[in-house]
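Reader: I am new to this one, so could you walk me through it slowly and explain the terms as we go along?

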Amino acid sequence: MVAVVAVAAIAAGAAVSGMGDRTMPRPRPAATIADGTRISFASRPLAMPDGGTRPVRSLLETRGTMRFGDFRWNEDGVPPGRVWVRVDLAHQIVSVFRGEHEIGTAVILYGTDGAPTPTGTFPILARAVHHRSSLYDAEMPYMLRLTGDGVAIHASAVRAGAATHGCIGVPEAFARHLYAAVRRGDPVSIMPAA
């Protein structure tokens with residue numbers, strides 16, 4: 001089991017255990033509504049790498065602990081809006097938002113001390129369904145390039161004990177959803193590991 005705490009649940013005021021549970025937010029009078037797939041609430045700020053915040057109004061409901069390879073994706077009922085991605089290295093989770101609503105979340109892999117994942121906000125520079133790393137001679141399906149030196153989000157075998165050379169690895173089925181949802185220029189914000 002991975003000690004994953006969903007960052008979005010924290011933003012929603014959820015009670016979060018150290019074992020990665022995304023539990024229901026503590027009841028707030030007429031402010032929090034759960035429908036079995038989504039938790040909706042009055043707008044709440046979500047911290048960003050530059051010290052600012054972004055407003056969030058709903059999250060995907062994940063019951064229990066998310067483990068390596070787990071993800072949720074549900075766009076039902078979410079209005080149109082710009083897609084943005086937030087990666088929380090400290091909690092090993094990615095959240096995908098359309099406007100102020102989370103549409104996807106997954107457990108991730110990220111870089112090691114020798115090849116760390118950069119932090120900050122990066123626009124998606126390039127996309128490719130089929131990509132092979134020229135530096136590591138490795139497949140990077142559903143690649144979303146974030147930096148000029150090759151750091152990207154891409155499909156990986158997300159499992160305990162694994163890491164990347166600075167990229168963000170996500171489960172392949174999640175990577176397909178993410179690839180379809182984003183465009184060049186969409187922002188990806190990466191929060192630090194510590």
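**Contacts, strands and rings**

Author: Among contacts in the protein chain between residues at least 6 apart in sequence, 56% join residues at least 24 apart, where contact means heavy atoms within 4.5 Å. This is a predicted model, in which local features need pLDDT of at least 70 and side-chain atom pairs count only at pLDDT 80 or more, while totals for chains, interfaces and linings use all residues. Residues are numbered from 1 along each chain as its sequence is written, and side-chain values use heavy atoms, with hydrogens and water left out.

Reader: Okay, and how many helices and strands does the protein chain have?

Author: The protein chain has two helices and 17 strands, which are DSSP runs numbered from the N terminus, with at least four residues for helices (H or I) and at least two for strands (E).

Reader: What share of the residues counts as buried?

Author: Of the 194 residues, 49% count as buried, meaning under 20% relative accessible area, whereas exposed is over 50% and partly exposed lies in between (1.4 Å probe, protein chains only).

Reader: Where should I look for a mostly covered strand?

Author: Take strand S7, residues 83-88, where six of six residues are buried. Val83, Val85 and Val87 are buried on one side, and Trp84, Arg86 and Asp88 are buried on the other.

Reader: Which strands does S7 join?

Author: Strands pair if DSSP finds at least two bridges between them, and S7 has six bridges to the antiparallel strand S8, residues 93-98, as well as four to the parallel strand S17, residues 187-191. Valine 87 stands opposite valine 94 in S8, while valine 85 has valine 188 in S17 as its bridge partner. S7 and S8 form a hairpin with four residues between them, and glutamine 92 in that turn has a positive phi of about 55°.

Reader: And what else joins S17?

Author: Strand S10 is joined to S17 by four bridges, and these two run antiparallel; here the bridge partner of phenylalanine 122 is valine 188. The side chains of S10, residues 120-123, alternate, with Gly120 and Phe122 buried on one face and Thr121 and Pro123 on the other face not buried.

Reader: Switching topic, how many aromatic pairs are there?

Author: Rings of Phe, Tyr and Trp (its six-membered ring) pair if their centres lie within 6.5 Å, with planes under 30 degrees apart called stacked, over 60 edge-to-face and the rest tilted; by this rule there are four aromatic pairs. One of them is phenylalanine 71 with phenylalanine 174, edge-to-face at 5.8 Å centre to centre and 65° between the planes. This pair links distant parts of the chain, since phenylalanine 71 is in strand S6 and phenylalanine 174 is in helix H2, 103 residues apart.

Reader: Are those two rings buried or exposed?

Author: Phenylalanine 71 counts as partly exposed at 24% relative accessibility, whereas phenylalanine 174 is buried, with a relative accessible area of 0%. Tryptophan 73 and phenylalanine 174 have ring centres 5.4 Å apart and planes at 70°, so that pair is edge-to-face. Phe71, Trp73 and Phe174 form one aromatic cluster.

Reader: Which ring does arginine 54 sit over?

Author: The charged end of arginine 54 sits over the ring of tryptophan 84, 4.0 Å from its centre; for this, NZ of Lys or CZ of Arg must be within 6 Å of the ring centre and within 35 degrees of the ring normal. Arginine 127 lies over the face of tyrosine 179, at 4.0 Å from the ring centre.
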